[in-house]
Amino acid sequence: MERSTLKRTSSFPDIEAVQGCSTLNLLPKAGSRSTLKRTSSIPDFEPVKSLRSTLILQPKAGSPLLMLIAEEYGCRIYNPGDGRVYEPKSDFSGYRFLGSSGKWFLVVDSRMKLYIIDVFSEKRIDLPPLESFKGSHFKIWREGEENVKHMLMDDEDPFCDEIPHAAEDLRGRLWVDDKNGNYVVVWQFEMYPFLGFCRTGDDHYREIPTELEVQRELRGLNDMVLKGYNLYVYATREFIRHLDLSGQDEDGFKDVSEKHRLPMWRPSMTMKERERMKQRRSIPSNKGIAVTRAGQVLLVFTYDLGTSESHRMFHLYKRDPKDLDPKTLDTRLLEVHSLGDEALFYDLGITVPADHTLGIEPNSIYFTRDDRICHNKLSCLDIGVFNLATKTVKRFHGLSNFNFNDAQWFLPS
């Protein structure tokens with residue numbers, strides 16, 4: 001099948017990374033864990049096909065890997081366990097990587113076509129075209145080879161704006177069931193008031209409005225997390241909208257949001273905390289959400305440390321369980337000082353069990369960028385693992401020889 005290449009460049013800044021990395025070829029081994037083969041030792045992303053060795057590595061299922069994405073050369077996979085960089089068997093140049101679940105990634109090509117790909121093999125699932133979108137408020141149609149347009153369907157205004165979109169406008173989340181392969185895909189044109197979603201077997205996308213006919217407190221979208229058939233939306237007014245996407249009715253989803261009187265407002269800082277943040281020259285960077293294994297929504301605050309070698313600081317907050325009691329007057333959030341035996345993968349928006357044998361560190365946050373769904377004007381790619389107890393950041397110096405546009409943590413199943 002003919003594969004296109006992206007003609008437009010990403011808005012992500014290039015990252016200059018580190019020295020002494022190997023570029024490797026990744027090959028699947030039938031009936032076992034993924035098999036990786038080293039091909040060469042070169043200081044850039046360009047593969048050298050003629051230089052191959054017989055060194056074989058089998059990464060453990062569930063161990064964290066880092067997808068490194070360069071528009072010119074496609075993608076590479078960094079294994080922090082051995083500090084090496086691997087080259088996929090398939091050529092994934094021309095794709096933008098939107099999100100992942102296990103070994104599967106949601107991608108879009110330059111022709112605005114969505115796929116789910118297995119990065120360890122040549123398996124690919126073709127998703128419905130964007131123009132198959134069916135909704136009561138918006139419609140989408142194709143405009144040329146590389147663009148689609150959307151507009152509001154308003155009988156009272158025949159001159160509604162037609163909004164064009166290219167591949168870099170798409171944001172998305174993916175969930176794939178490890179047991180049966182069933183999947184859910186959710187996407188959005190960034191900053192526009194609706195989502196599209198589909199499930200296994202669907203031939204079109206359904207509409208989820210984020211503004212029209214939505215309860216006032218739950219309107220808008222600052223961030224979203226997909227965990228199974230549960231979609232959590234961090235609304236503009238800082239409430240959490242919780243949707244069940246497993247429904248079989250016409251809309252395909254059900255609002256199961258908890259009823260809170262006040263938004264997710266974090267506690268005010270003490271004078272001592274303010275002074276400490278000032279000394280560190282901490283600059284608020286972003287806020288988003290994550291969902292724990294138990295289904296509890298966490299508010300994630302990110303800070304840039306202008307003069308610190310750590311560069312990054314995180315604060316986590318959760319609702320007090322008594323907040324649902326109508327007699328409760330104080331609904332400020334509680335700070336989460338420890339994740340215990342769990343680790344948060346911020347790219348995925350979820351926590352997973354810590355496991356030293358897999359290289360998953362407890363009470364830690366694995367991060368790359370903090371604006372994956374709604375981009376900041378000054379978007380910064382910053383890769384590391386933040387320890388909540390020590391407030392320190394672990395870096396991966398095996399990356400500093402590479403130029404790449406984006407990176408995402410993923411957990412191959």
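In these legends, Ala, Val, Leu, Ile, Met, Phe, Trp, Tyr, Cys and Pro count as nonpolar, Asp, Glu, Lys and Arg as charged, and the others, Gly among them, as polar. The model shown is predicted.

**Figure 1. The whole protein is built from 1 helix and 33 strands.** The protein has 413 residues, and 54% of them count as buried. Consider the contacts between residues at least 6 apart in sequence: 52% of these join residues at least 24 apart.

**Figure 2. The largest pocket is lined by 27 residues.** The space in this pocket comes to about 560 Å³. S101, G102, W175, V176 and I350 are the lining residues that lie nearest the centre of the pocket. By type, the lining divides into 11 nonpolar, 10 polar and 6 charged residues. Several strands contribute. β8 (95–101), β15 (170–176), β19, β20 (230–234) and β28 (350–353) each give at least two residues to the lining.

**Figure 3. S100 sits in strand β8.** Its relative accessibility is 9%, so S100 counts as buried; the cut-off for buried is under 20%. Setting aside residues up to four places away in sequence, S100 touches F105, L174 and L348. Q408, W409 and F410 are also among the residues that S100 touches.

**Figure 4. Four strands, β19-β20-β21-β22, form an open sheet in that order.** Pairing in this sheet is antiparallel. The edge strands are β19 (223–227) and β22 (254–255), and each pairs on one side only. Strand β21 covers residues 240–244 and is joined to β22 by 2 bridges. These two strands run antiparallel. D244 stands opposite K254, a residue of β22.

**Figure 5. The largest nonpolar core holds 51 residues.** Within this core, L316, F345 and I383 touch the most other members. Strand β24 (residues 297–305) supplies the largest share of the core, 7 residues. A second, separate core has 24 residues, including L114, A167, V176 and Y205. V176 also appears in Figure 2, as one of the residues nearest the centre of the largest pocket.

**Figure 6. L316 and its contacts in the predicted model.** Neighbours within four places in sequence are left aside here. L316 is in contact with L298, L299 and V300. Its contacts also include L334, E335, V336 and L339. L344, I365 and L388 are among the contacts too.

Key:
Residues numbered from 1 in each chain as written. Predicted model: local features only at pLDDT ≥ 70, side-chain atom pairs only at ≥ 80, totals over all residues. Heavy atoms only, no water. Pairing = 2+ DSSP bridges. 1 Å grid on protein atoms, 1.4 Å probe; cavity = no way out; pocket = protein on both sides within 12 Å on 5 of 7 lines; lining within 4 Å. Points joined across faces, edges and corners; volume = space filled by probe spheres on them. Core = buried A, V, L, I, M, F, W, Y, C linked by side-chain atoms within 4.5 Å. Buried < 20%, exposed > 50% of the residue type's maximum accessible area, 1.4 Å probe, protein only. Contact = heavy atoms within 4.5 Å.
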